[in-house]
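Work through the exercises below with the structure open beside you. Try each task before you read its solution.

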Amino acid sequence: MDKEDLGMTELMIFAILYGILALIVCVRLYKGPSSVDRAVASDCVDSLTTVSLALFAVFSGRSIYLDISMTLAVLGFLGTVMISRYLEGKL
Amino acid sequence: MMDAVNISMAVRIIIDILLLIGFYFALAGVVGLLRMPDSYCRMQSSTNVATLGMLGALIAALVYSAVTGATGMAIKLGCLCVFNIITNPIASHAICKAAYKLGIRPKDKMVCDDYGEDQTDD
């Protein structure tokens, strides 16, 4: 039983919980009154998915998921800045 | 292989506490994002997710990967933390300015509106 207990199961549990939080934020993404609310909610989904992928990468020991997570963080930041520039009317 | 995976109990407790702190802040931010009455209040609550909700879990993953000997993953996670700290104020400032330019105002009357006064000057 000790040999089974060595893995860090709670990393996977928290990765799933962060994924569930990202799904809950999609409610605000669906019914945001203005487009700014939708941009904020999509940024939030990006952050939560980044954390979930990083935790899964550390749990499974595969580095490819960490690369995907870093790319997702960069693209989420760029997307938020571009959307806000567009809403400002300067693009 | 078993020695590589085996970590001590104190480190495991530290990782669990960091994960719990991160998840608590992420949950508070998500609840605020769903329940706040105003657009600016929702922005302020989503910052809660983006700062400590991310950093708690990322630092926990960094500690775990540094203890188990995966140095490459630890360096990548550190880069992710630093990138997150640098880019979050920029994104928040840009989206808040966009909301003001778009004509969204708070529900009650604003107490202090320095940016609007600067706009009417020129």
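## Exercises on a two-chain model

Among contacts in chain A between residues at least 6 apart in sequence, 49% join residues at least 24 apart. Keep in mind that this is a predicted model.

**Exercise 1. Describe the fold of chain A.**

Task: State how many helices and strands chain A has, and in what order its elements run.

Solution.
- Step 1. Count the elements: chain A has three helices and zero strands.
- Step 2. Read from the N terminus: the order is α-α-α.
- Step 3. Check the extent. The C-alpha atoms of chain A fill a box of roughly 60 × 25 × 10 Å along the principal axes.
- Step 4. Compare with a globule. A compact globule of 91 residues would have a radius of gyration near 12 Å, while chain A has 16 Å.
- Step 5. Look at burial: 45% of the 91 residues of chain A count as buried.

**Exercise 2. Do the same for chain B.**

Task: Find the helix count of chain B, its box and its radius of gyration.

Solution.
- Step 1. Chain B comes to five helices and zero strands.
- Step 2. From the N terminus, its elements run α-α-α-α-α.
- Step 3. The C-alpha atoms of chain B fill a box of roughly 65 × 30 × 20 Å along the principal axes.
- Step 4. The radius of gyration of chain B is 20 Å, whereas a compact globule of 122 residues would have one near 14 Å.
- Step 5. Of the 122 residues of chain B, 33% count as buried.
- Step 6. Now take the contacts in chain B between residues at least 6 apart in sequence: 62% of them join residues at least 24 apart.

**Exercise 3. Classify a helix pair inside chain A.**

Task: Decide whether H1(A) and H2(A) are roughly parallel or roughly antiparallel.

Solution.
- Step 1. Recall the description: two packed helices are described by the angle between their axes and the distance between the axes.
- Step 2. Read both values. Helix H1 (residues 9-31) of chain A and H2(A) pack at an angle of about 165°, with axes 8 Å apart.
- Step 3. Apply the cut-off: angles over 145 degrees count as roughly antiparallel. H1(A) and H2(A) are therefore roughly antiparallel.
- Step 4. Add the handedness: H1(A) passes H2(A) in a left-handed crossing.
- Step 5. Sort the contact by class. The contact of H1(A) with H2(A) has 19 nonpolar, four polar and three charged residues.

**Exercise 4. Cross from one chain to the other.**

Task: Describe how H4(B) lies against H2(A) and against H3(A).

Solution.
- Step 1. Start with helix H2 (residues 35-60) of chain A and helix H4 (residues 71-101) of chain B: their axes come within 12 Å and cross at roughly 175°. H2(A) and H4(B) are therefore roughly antiparallel.
- Step 2. Name some residues that meet. Those in H2(A) include A:Val36, A:Ala39 and A:Asp43, and those in H4(B) include B:Met73, B:Leu77 and B:Ile95.
- Step 3. Sort that contact by class: H2(A) with H4(B) has 13 nonpolar, no polar and one charged residues.
- Step 4. Turn to helix H3 (residues 64-88) of chain A. The axes of H3(A) and H4(B) come within 9 Å and cross at roughly 15°. That makes H3(A) roughly parallel to H4(B).
- Step 5. The crossing of H3(A) and H4(B) is left-handed. Their contact divides into 14 nonpolar, four polar and five charged residues.

**Exercise 5. Take stock of the whole contact.**

Task: Find which helix of chain B gives the most to the side that touches chain A.

Solution.
- Step 1. Count both sides: the contact takes 41 residues from chain B and 41 residues from chain A.
- Step 2. List the helices. H1 (2-5), H2 (9-35), H3 (39-67) and H4 of chain B each supply at least two residues of the side that touches chain A.
- Step 3. Pick the top contributor: H4(B) gives the most, with 16 residues.
- Step 4. Sort by class. The side of chain B that touches chain A has 29 nonpolar, seven polar and five charged residues.

**Exercise 6. Compare two residues of one helix.**

Task: Is B:Phe25 buried or exposed? How does B:Ile14 count?

Solution.
- Step 1. Place them: B:Phe25 is in helix H2 of chain B, and B:Ile14 is found in helix H2 of chain B.
- Step 2. Count neighbours. B:Phe25 has 20 other C-beta atoms within 10 Å, so B:Phe25 is buried. B:Ile14 has 16 C-beta neighbours inside 10 Å and therefore counts as partly exposed.
- Step 3. Find the partners. Not counting residues up to four places away in sequence, B:Phe25 touches B:Asn48, B:Leu52, B:Gly53 and B:Gly56.
- Step 4. Set sequence against space. B:Ile14 and B:Ala60 are 46 residues apart in sequence and 7.9 Å apart in space, C-alpha to C-alpha.

Methods:
Residues are numbered from 1 along each chain as its sequence is written. Chains are lettered from A and ligands numbered from 1 in the order in which they are written. This is a predicted model: local features need pLDDT of at least 70, side-chain atom pairs count only at pLDDT 80 or more; totals for chains, interfaces and linings use all residues. Helices (H or I, at least four residues) and strands (E, at least two) are DSSP runs, numbered from the N terminus. The radius of gyration is taken over C-alpha atoms; the globule rule is 2.2 Å times the number of residues to the power 0.38. A residue is buried if 20 or more other C-beta atoms lie within 10 Å of its own, exposed if 12 or fewer, and partly exposed in between; C-beta atoms are placed from the backbone. Two residues are in contact if their C-beta atoms, placed from the backbone, lie within 7 Å. Axes are lines fitted to C-alpha atoms, for helices over the stretch in contact, and angles run from 0 to 180 degrees between N-to-C directions. Angles under 35 degrees count as roughly parallel, over 145 as roughly antiparallel, 65 to 115 as roughly perpendicular and the rest as oblique. Ala, Val, Leu, Ile, Met, Phe, Trp, Tyr, Cys and Pro count as nonpolar, Asp, Glu, Lys and Arg as charged, and the others, Gly among them, as polar. A crossing is left-handed if the near helix is turned anticlockwise from the far one by less than a right angle, and right-handed if clockwise.
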